Amino acid sequence: MRTKIIAGNWKMNKGINDSKALAASIVEKANSINGVDIVLCPTYLSLSSVAEAIKGSNCKLGAQDAHWEDDGAYTGKISVSMLKEAGVEYVILGHSEQRQFFNETDETVNKKVVKVLAAELKPIICVGESLEQREAEKTEEVVIAQVKGAYANISEEDAQKTVVAYEPIWAIGTGKTASTAQAQEVHATIRKLLAELYSQSTADSIRIQYGGSMKPENAKDLLSQPDIDGGLIGGAALKPDSFIGIIEAA
Ligand code: PEP
(Lines give C-alpha, C1' and ligand atoms only; values in the text may rest on other atoms or scores of the structure.)
Protein backbone atom coordinates (compact mmCIF):
# COMPACT_ATOMS: atom_id res chain seq x y z
CA MET A 1 0.00 0.00 0.00
CA ARG A 2 1.49 3.32 -1.10
CA THR A 3 1.17 6.25 1.33
CA LYS A 4 -0.36 9.20 -0.50
CA ILE A 5 1.93 12.21 -0.93
CA ILE A 6 0.64 15.76 -1.29
CA ALA A 7 3.28 18.37 -2.14
CA GLY A 8 2.77 22.10 -2.45
CA ASN A 9 4.88 23.79 -5.11
CA TRP A 10 4.85 27.44 -4.11
CA LYS A 11 6.80 28.46 -7.23
CA MET A 12 8.03 32.11 -7.17
CA ASN A 13 5.46 33.15 -4.56
CA LYS A 14 5.73 34.31 -0.94
CA GLY A 15 8.71 36.03 0.64
CA ILE A 16 10.42 34.86 3.81
CA ASN A 17 7.81 36.16 6.26
CA ASP A 18 4.76 35.21 4.20
CA SER A 19 6.21 31.72 3.69
CA LYS A 20 6.64 31.27 7.41
CA ALA A 21 3.06 32.39 8.04
CA LEU A 22 1.66 30.10 5.31
CA ALA A 23 3.63 27.14 6.64
CA ALA A 24 2.45 27.86 10.19
CA SER A 25 -1.21 27.91 9.19
CA ILE A 26 -0.83 24.68 7.21
CA VAL A 27 0.93 22.99 10.13
CA GLU A 28 -1.82 24.05 12.53
CA LYS A 29 -4.44 22.20 10.48
CA ALA A 30 -2.29 19.38 9.10
CA ASN A 31 -1.02 18.18 12.45
CA SER A 32 -4.21 16.26 13.19
CA ILE A 33 -4.09 14.44 9.83
CA ASN A 34 -2.35 11.05 9.70
CA GLY A 35 -1.44 8.68 6.93
CA VAL A 36 -0.48 11.24 4.26
CA ASP A 37 3.01 12.56 3.46
CA ILE A 38 2.85 16.35 3.27
CA VAL A 39 5.62 18.34 1.60
CA LEU A 40 6.00 22.13 1.37
CA CYS A 41 8.25 23.48 -1.39
CA PRO A 42 8.89 27.21 -0.95
CA THR A 43 11.53 29.25 -2.80
CA TYR A 44 15.16 28.66 -1.81
CA LEU A 45 15.09 31.92 0.12
CA SER A 46 12.28 30.72 2.37
CA LEU A 47 13.58 27.21 3.06
CA SER A 48 14.99 28.15 6.46
CA SER A 49 11.93 30.05 7.66
CA VAL A 50 9.63 27.22 6.55
CA ALA A 51 11.95 24.64 8.14
CA GLU A 52 11.54 26.50 11.40
CA ALA A 53 7.76 26.75 11.06
CA ILE A 54 7.31 23.01 10.38
CA LYS A 55 9.76 21.78 13.05
CA GLY A 56 8.17 18.94 15.04
CA SER A 57 5.15 18.75 12.71
CA ASN A 58 4.11 16.12 10.15
CA CYS A 59 5.12 18.39 7.23
CA LYS A 60 8.32 17.85 5.28
CA LEU A 61 10.47 20.36 3.41
CA GLY A 62 11.00 20.28 -0.35
CA ALA A 63 12.95 22.40 -2.84
CA GLN A 64 11.91 23.34 -6.36
CA ASP A 65 15.16 22.40 -8.12
CA ALA A 66 18.83 21.59 -7.51
CA HIS A 67 22.02 21.79 -9.53
CA TRP A 68 23.95 18.66 -10.52
CA GLU A 69 27.38 19.98 -9.53
CA ASP A 70 28.72 19.94 -5.95
CA ASP A 71 29.85 23.57 -5.87
CA GLY A 72 31.78 26.10 -7.92
CA ALA A 73 31.19 28.80 -10.51
CA TYR A 74 27.48 28.27 -11.21
CA THR A 75 25.95 31.68 -10.54
CA GLY A 76 22.39 31.52 -9.32
CA LYS A 77 22.40 27.76 -8.63
CA ILE A 78 21.98 25.75 -5.42
CA SER A 79 23.67 22.43 -4.63
CA VAL A 80 22.15 19.36 -3.01
CA SER A 81 24.42 19.66 0.05
CA MET A 82 23.11 23.21 0.61
CA LEU A 83 19.55 21.92 0.39
CA LYS A 84 20.31 19.10 2.79
CA GLU A 85 21.81 21.51 5.29
CA ALA A 86 18.60 23.58 5.08
CA GLY A 87 16.56 20.51 6.08
CA VAL A 88 15.21 19.58 2.64
CA GLU A 89 13.99 15.99 2.06
CA TYR A 90 12.33 16.20 -1.36
CA VAL A 91 13.41 18.01 -4.55
CA ILE A 92 11.11 18.75 -7.47
CA LEU A 93 12.98 18.10 -10.73
CA GLY A 94 12.06 18.65 -14.36
CA HIS A 95 9.02 20.81 -13.69
CA SER A 96 7.46 21.89 -17.00
CA GLU A 97 8.20 25.54 -16.17
CA GLN A 98 11.88 24.62 -15.83
CA ARG A 99 11.70 22.75 -19.13
CA GLN A 100 9.82 25.59 -20.85
CA PHE A 101 11.67 28.66 -19.55
CA PHE A 102 15.08 27.46 -18.33
CA ASN A 103 16.28 24.94 -20.92
CA GLU A 104 15.69 21.87 -18.75
CA THR A 105 16.07 18.69 -20.82
CA ASP A 106 15.68 15.00 -20.07
CA GLU A 107 19.47 14.88 -19.84
CA THR A 108 19.75 17.65 -17.22
CA VAL A 109 16.84 16.13 -15.29
CA ASN A 110 18.73 12.83 -15.21
CA LYS A 111 21.94 14.51 -13.97
CA LYS A 112 19.94 16.15 -11.19
CA VAL A 113 18.16 12.90 -10.27
CA VAL A 114 21.57 11.19 -9.92
CA LYS A 115 22.87 13.98 -7.68
CA VAL A 116 19.76 14.25 -5.52
CA LEU A 117 19.71 10.49 -4.90
CA ALA A 118 23.44 10.47 -4.10
CA ALA A 119 22.71 13.04 -1.38
CA GLU A 120 19.98 10.76 0.00
CA LEU A 121 17.26 13.22 -0.93
CA LYS A 122 14.09 12.16 -2.74
CA PRO A 123 13.44 13.49 -6.23
CA ILE A 124 9.92 14.31 -7.40
CA ILE A 125 10.36 13.82 -11.14
CA CYS A 126 7.90 15.81 -13.25
CA VAL A 127 6.73 14.64 -16.67
CA GLY A 128 3.84 15.64 -18.87
CA GLU A 129 2.73 16.54 -22.37
CA SER A 130 1.73 19.85 -23.94
CA LEU A 131 -1.71 20.44 -25.45
CA GLU A 132 -0.29 20.11 -28.97
CA GLN A 133 1.29 16.77 -28.07
CA ARG A 134 -1.97 15.50 -26.55
CA GLU A 135 -3.96 16.60 -29.58
CA ALA A 136 -1.45 14.90 -31.85
CA GLU A 137 -1.94 11.71 -29.75
CA LYS A 138 1.68 11.80 -28.65
CA THR A 139 1.04 11.80 -24.89
CA GLU A 140 2.26 8.25 -24.29
CA GLU A 141 5.36 8.68 -26.47
CA VAL A 142 6.32 11.97 -24.78
CA VAL A 143 5.80 10.73 -21.23
CA ILE A 144 7.62 7.44 -21.87
CA ALA A 145 10.64 9.33 -23.30
CA GLN A 146 10.69 11.69 -20.30
CA VAL A 147 10.51 8.84 -17.75
CA LYS A 148 13.17 6.80 -19.58
CA GLY A 149 15.39 9.89 -19.75
CA ALA A 150 15.01 10.73 -16.07
CA TYR A 151 15.72 7.14 -14.92
CA ALA A 152 18.70 6.48 -17.22
CA ASN A 153 21.36 4.58 -15.25
CA ILE A 154 19.38 4.85 -11.99
CA SER A 155 19.61 1.60 -10.02
CA GLU A 156 16.50 -0.27 -8.92
CA GLU A 157 17.30 0.46 -5.28
CA ASP A 158 17.52 4.20 -5.99
CA ALA A 159 14.44 4.18 -8.19
CA GLN A 160 12.44 3.01 -5.17
CA LYS A 161 13.26 6.32 -3.45
CA THR A 162 11.79 8.44 -6.23
CA VAL A 163 8.37 9.99 -6.76
CA VAL A 164 6.95 10.76 -10.22
CA ALA A 165 4.60 13.66 -10.86
CA TYR A 166 2.49 13.41 -14.00
CA GLU A 167 1.56 16.97 -14.88
CA PRO A 168 -0.12 17.59 -18.22
CA ILE A 169 1.18 21.06 -19.13
CA TRP A 170 -2.21 22.17 -20.44
CA ALA A 171 -3.68 21.60 -16.97
CA ILE A 172 -1.05 23.54 -14.98
CA GLY A 173 -2.34 26.84 -13.66
CA THR A 174 -5.11 26.88 -16.27
CA GLY A 175 -8.04 25.67 -14.21
CA LYS A 176 -8.37 22.75 -16.68
CA THR A 177 -7.92 19.37 -15.02
CA ALA A 178 -7.30 16.09 -16.79
CA SER A 179 -10.35 13.86 -16.37
CA THR A 180 -9.87 11.07 -13.87
CA ALA A 181 -9.81 8.61 -16.78
CA GLN A 182 -7.20 10.63 -18.72
CA ALA A 183 -4.99 10.94 -15.65
CA GLN A 184 -5.37 7.29 -14.59
CA GLU A 185 -4.52 6.11 -18.12
CA VAL A 186 -1.18 7.97 -18.14
CA HIS A 187 -0.38 6.95 -14.55
CA ALA A 188 -0.95 3.30 -15.49
CA THR A 189 1.34 3.74 -18.52
CA ILE A 190 4.08 5.19 -16.30
CA ARG A 191 3.74 2.33 -13.80
CA LYS A 192 3.88 -0.25 -16.60
CA LEU A 193 7.04 1.39 -17.93
CA LEU A 194 8.63 1.40 -14.46
CA ALA A 195 7.83 -2.33 -14.21
CA GLU A 196 9.57 -2.90 -17.56
CA LEU A 197 12.59 -0.80 -16.54
CA TYR A 198 12.87 -2.41 -13.08
CA SER A 199 10.34 -4.92 -11.73
CA GLN A 200 6.65 -5.04 -10.87
CA SER A 201 7.37 -4.76 -7.15
CA THR A 202 9.52 -1.65 -7.65
CA ALA A 203 6.89 -0.12 -9.95
CA ASP A 204 4.26 -0.87 -7.29
CA SER A 205 6.34 0.90 -4.65
CA ILE A 206 6.91 4.17 -6.57
CA ARG A 207 4.37 6.88 -5.91
CA ILE A 208 2.96 8.72 -8.93
CA GLN A 209 1.39 12.10 -8.18
CA TYR A 210 -1.01 13.96 -10.43
CA GLY A 211 -0.51 17.71 -10.92
CA GLY A 212 -2.56 20.23 -12.83
CA SER A 213 -5.22 22.43 -11.24
CA MET A 214 -5.91 19.96 -8.44
CA LYS A 215 -8.22 21.45 -5.83
CA PRO A 216 -10.42 20.13 -3.01
CA GLU A 217 -13.39 19.77 -5.42
CA ASN A 218 -11.64 17.38 -7.81
CA ALA A 219 -9.04 15.83 -5.50
CA LYS A 220 -11.18 12.99 -4.18
CA ASP A 221 -12.03 11.61 -7.63
CA LEU A 222 -8.47 11.87 -8.88
CA LEU A 223 -6.96 10.41 -5.71
CA SER A 224 -9.35 7.45 -5.71
CA GLN A 225 -7.86 6.15 -8.98
CA PRO A 226 -5.73 3.03 -8.51
CA ASP A 227 -2.51 4.54 -9.87
CA ILE A 228 -2.83 8.11 -8.54
CA ASP A 229 -0.86 8.29 -5.31
CA GLY A 230 -0.98 11.96 -4.49
CA GLY A 231 -0.81 15.44 -5.90
CA LEU A 232 1.71 18.12 -6.78
CA ILE A 233 -0.22 21.28 -6.12
CA GLY A 234 0.51 24.78 -7.40
CA GLY A 235 -2.13 27.50 -6.96
CA ALA A 236 -4.21 25.67 -4.34
CA ALA A 237 -1.10 25.13 -2.18
CA LEU A 238 -0.92 28.87 -1.50
CA LYS A 239 -4.28 28.83 0.31
CA PRO A 240 -4.21 26.87 3.58
CA ASP A 241 -7.88 25.81 3.37
CA SER A 242 -7.57 24.54 -0.19
CA PHE A 243 -4.32 22.72 0.50
CA ILE A 244 -5.73 21.13 3.65
CA GLY A 245 -8.89 20.18 1.71
CA ILE A 246 -6.73 18.24 -0.75
CA ILE A 247 -4.78 16.57 2.08
CA GLU A 248 -8.06 15.56 3.71
CA ALA A 249 -9.25 14.08 0.40
CA ALA A 250 -6.04 12.03 0.24
C1 PEP B 1 2.32 22.78 -10.70
O2 PEP B 1 2.85 23.77 -11.16
O3 PEP B 1 3.05 21.85 -10.30
C4 PEP B 1 0.86 22.73 -10.62
C5 PEP B 1 0.29 21.57 -10.59
O6 PEP B 1 0.20 23.95 -10.63
P7 PEP B 1 -1.39 24.17 -10.48
O8 PEP B 1 -1.88 23.30 -9.37
O9 PEP B 1 -1.54 25.62 -10.19
O10 PEP B 1 -2.00 23.76 -11.80
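This talk walks through a predicted model, starting at its ligand and then moving to a handful of residues.

Before the details, a word on how the values were obtained: the model is predicted, local features need pLDDT of at least 70, side-chain atom pairs count only at pLDDT 80 or more, and totals for chains, interfaces and linings use all residues. Residues are numbered from 1 along each chain as its sequence is written, and side-chain values use heavy atoms, with hydrogens and water left out.

Let me begin with the ligand. There are 14 residues around it, and those that come nearest are Lys11, His95, Glu167, Gly173 and Ser213, where a residue is near a molecule if one of its heavy atoms lies within 4 Å of it. Which atoms of these residues approach the oxygen atoms of the ligand? For Lys11 it is a polar side-chain atom, 2.5 Å from a ligand oxygen, whereas Gly173 places a polar backbone atom 2.6 Å from an oxygen atom of the ligand, and Ser213 has a backbone N or O atom at 2.7 Å from a ligand oxygen. On its own the ligand has 290 Å² of accessible area, and the protein covers 96% of that; such areas come from the Shrake-Rupley method with a 1.4 Å probe, and for residues only the protein chains shown count as cover.

The ligand sits in the second largest pocket. A pocket here is found on a 1 Å grid over the protein atoms alone, as an open set of points with protein on both sides within 12 Å along at least five of seven lines, and a molecule sits in it if more than half of its atoms lie within 2 Å of its grid points.

Next comes Glu104, which is placed in the loop between α4 (96-101) and α5 (106-118); helices are DSSP runs of H or I with at least four residues, strands are runs of E with at least two, and both are numbered from the N terminus. Is Glu104 buried or exposed? Its relative accessible area is 7%, so Glu104 is buried, given that buried means under 20%, exposed over 50%, and partly exposed in between, with a 1.4 Å probe and protein chains only. The side chain of Glu104 makes a polar contact of 3.0 Å with the side chain of Lys112, a polar contact being a pair of N or O atoms within 3.5 Å in which, within protein, one must be able to donate a hydrogen and the other to accept it, while residues adjacent in sequence count only if both atoms are side-chain atoms. Beyond its neighbours within four places in sequence, Glu104 has contacts (heavy atoms within 4.5 Å) with residues including Asp65, Arg99 and Lys112.

I turn now to helix α7, residues 139-150, where we find Gln146 and Val147. Gln146 counts as buried because its relative accessibility is 9%, and, leaving aside neighbours within four places, Gln146 is in contact with Arg99, Asp106, Val127 and Gly128. Val147 is buried as well, at 1%, and with the same neighbours left aside Val147 is in contact with Val127, Ile190, Leu193 and Leu194.

That last partner, Leu194, lies in helix α9, residues 180-197, and is buried with a relative accessible area of 0%. Not counting residues up to four places away in sequence, Leu194 touches Val147, Tyr151, Val164, Ser199, Ala203 and Ile206. From C-alpha to C-alpha, Leu194 and Ala159 are 9.0 Å apart in space, with their positions 35 residues apart in sequence.

Two loop residues deserve a look for their backbone. Glu120, in the loop between α5 and β5 (122-127), has a positive phi of about 60° although it is not a glycine, and Glu120 is exposed at 66%. Glu137, in the loop between α6 (131-135) and α7, likewise is not a glycine and has a positive phi of about 60°, and Glu137 is exposed at 74%.

Finally, two residues that meet distant parts of the sequence. Thr3 lies in the segment before β1 (4-9) and counts as partly exposed at 36%; the C-alpha atoms of Thr3 and Asp229 are separated by 7.2 Å, although 226 residues apart along the chain. Pro240, in helix α12 (residues 240-249), has its C-alpha atom 8.3 Å from that of Lys29, 211 residues away along the chain, and the contacts of Pro240 outside its neighbours within four places are Leu22, Ser25, Ile26 and Lys29.

Terms used
1 Å grid on protein atoms, 1.4 Å probe; cavity = no way out; pocket = protein on both sides within 12 Å on 5 of 7 lines; lining within 4 Å.
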